[in-house]
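Q: Could you zoom in on one part of this model for me and walk me through it slowly? Give me a bit of the overall setting beforehand, then stay with that part and whatever connects to it.

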Amino acid sequence: MIRVEIINKGRQPLPAYATPQSAGVDLRANIDAPVTLRPLERKLISTGLHIALPEGYEAQVRPRSGLALKHGITVLNSPGTIDSDYRGEVMVLLVNLSGEEFVVNDGERIAQMVVARHETVDFAEVDVLGDTERGEGGYGHTGVK
């Protein structure tokens, strides 16, 4: 378990894991009035949270499966990345992919956040890459057998 410092400038409880084996915590809307998302509209929703991740970690903001399935609401830049040196408010960019309006209410669970370790790479420019069985095959290359 890692320690993540958090400042809650909102009215919602701190994020918490729903079960002992949950990978992510729910993020809640911290808004003064309901926000309506019309079909295909996107809006940045406040959470009131500020976090300080340890170096070598990122937080990924992801859609909630229930909102996506039931209402067509998803996180537009999914997963959104929060870097360890960012100290601003955690915001969620929601988009309505349905044909119906959707109302976001204060305290509503709007996304989930997963904290993950990441590596920093040192890119080494070369003239030729090593061969593999796949080679340069792209999307759909492996096909269906």
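A: Let's begin with the outside: the accessible surface of the protein chain is about 10,300 Å², and carbon and sulfur atoms hold 50% of it. Areas here are Shrake-Rupley values with a 1.4 Å probe, and for residues only the protein chains shown count as cover. Keep in mind that this is a predicted model, in which local features need pLDDT of at least 70 and side-chain atom pairs pLDDT 80 or more, while totals for chains, interfaces and linings use all residues. Numbering runs from 1 along each chain as its sequence is written, and side-chain values use heavy atoms, with hydrogens and water left out.

A little more setting. The protein chain has 1 helix and 10 strands, running β-β-β-β-β-α-β-β-β-β-β from the N terminus on. Its radius of gyration is 19 Å, well over the 15 Å that the globule rule gives for 145 residues, so the chain is more spread out than a compact globule. That radius is taken over C-alpha atoms, and the rule is 2.2 Å times the number of residues to the power 0.38. The C-alpha trace spans about 55 × 40 × 30 Å along its principal axes. Helices (H or I, at least four residues) and strands (E, at least two) are DSSP runs, numbered from the N terminus. Of the 145 residues, 32% count as buried; buried is under 20% relative accessible area, exposed is over 50%, and partly exposed is in between (1.4 Å probe, protein chains only). If you look at contacts (heavy atoms within 4.5 Å) with a separation of 6 or more, 70% of them come from residues 24 or more positions apart.

Now the close-up: the open sheet of 4 strands in the order β1-β4-β8-β6, with antiparallel pairing. At the edges stand β1 and β6 (73–75), each with a single partner strand, so one side of each has no neighbour in the sheet. Neighbouring strands here are turned by 40° against each other on average, direction ignored; the axes behind that are lines fitted to C-alpha atoms, for helices over the stretch in contact, and angles run from 0 to 180 degrees between N-to-C directions.

Have a good look at β4 (residues 42–52), which is mostly covered, with 8 of its 11 residues buried. On one of its pairings, 4 bridges join β4 to β1 (residues 5–8), running antiparallel. Two strands count as paired if DSSP finds at least two bridges between them. In this pairing Ile7 faces His50 of β4, and Asn8 faces Leu49. The pairing of β4 with β8 (residues 89–96) is antiparallel too, over 6 bridges, and here Lys43 sits opposite Leu94 of β8.

Lys43 also leads us to the salt bridges, meaning a side-chain nitrogen of Lys or Arg within 4 Å of a carboxyl oxygen of Asp or Glu. Its partner is Glu41, with the closest N and O atoms 3.8 Å apart. Lys43 is partly exposed at 28% relative accessibility, whereas Glu41 is buried at 16%.

Back on β1, Glu5 is partly exposed at 46% and forms a salt bridge with Arg3, the closest N and O atoms being 3.7 Å apart. Arg3 itself is exposed, at 67%. After β1, Arg11 forms a salt bridge with Asp32 (3.5 Å, N to O). Arg11 lies in the loop between β1 and β2 (25–28) and Asp32 in the loop between β2 and β3 (35–37), so the pair ties together parts 21 residues apart in sequence. Asp32 is exposed at 79%, Arg11 partly exposed at 48%. Asp106 joins these two in a network of salt bridges. Across the whole structure, 7 salt bridges turn up.

Finally, let's see how the helix touches this picture. His71 belongs to helix α1 (residues 65–71) and is partly exposed at 36%. Outside its neighbours within four places in sequence, His71 contacts Gly66, Asn96, Ser98 and Phe102. His71 and Asn96 are 25 residues apart in sequence and 7.9 Å apart in space, C-alpha to C-alpha.
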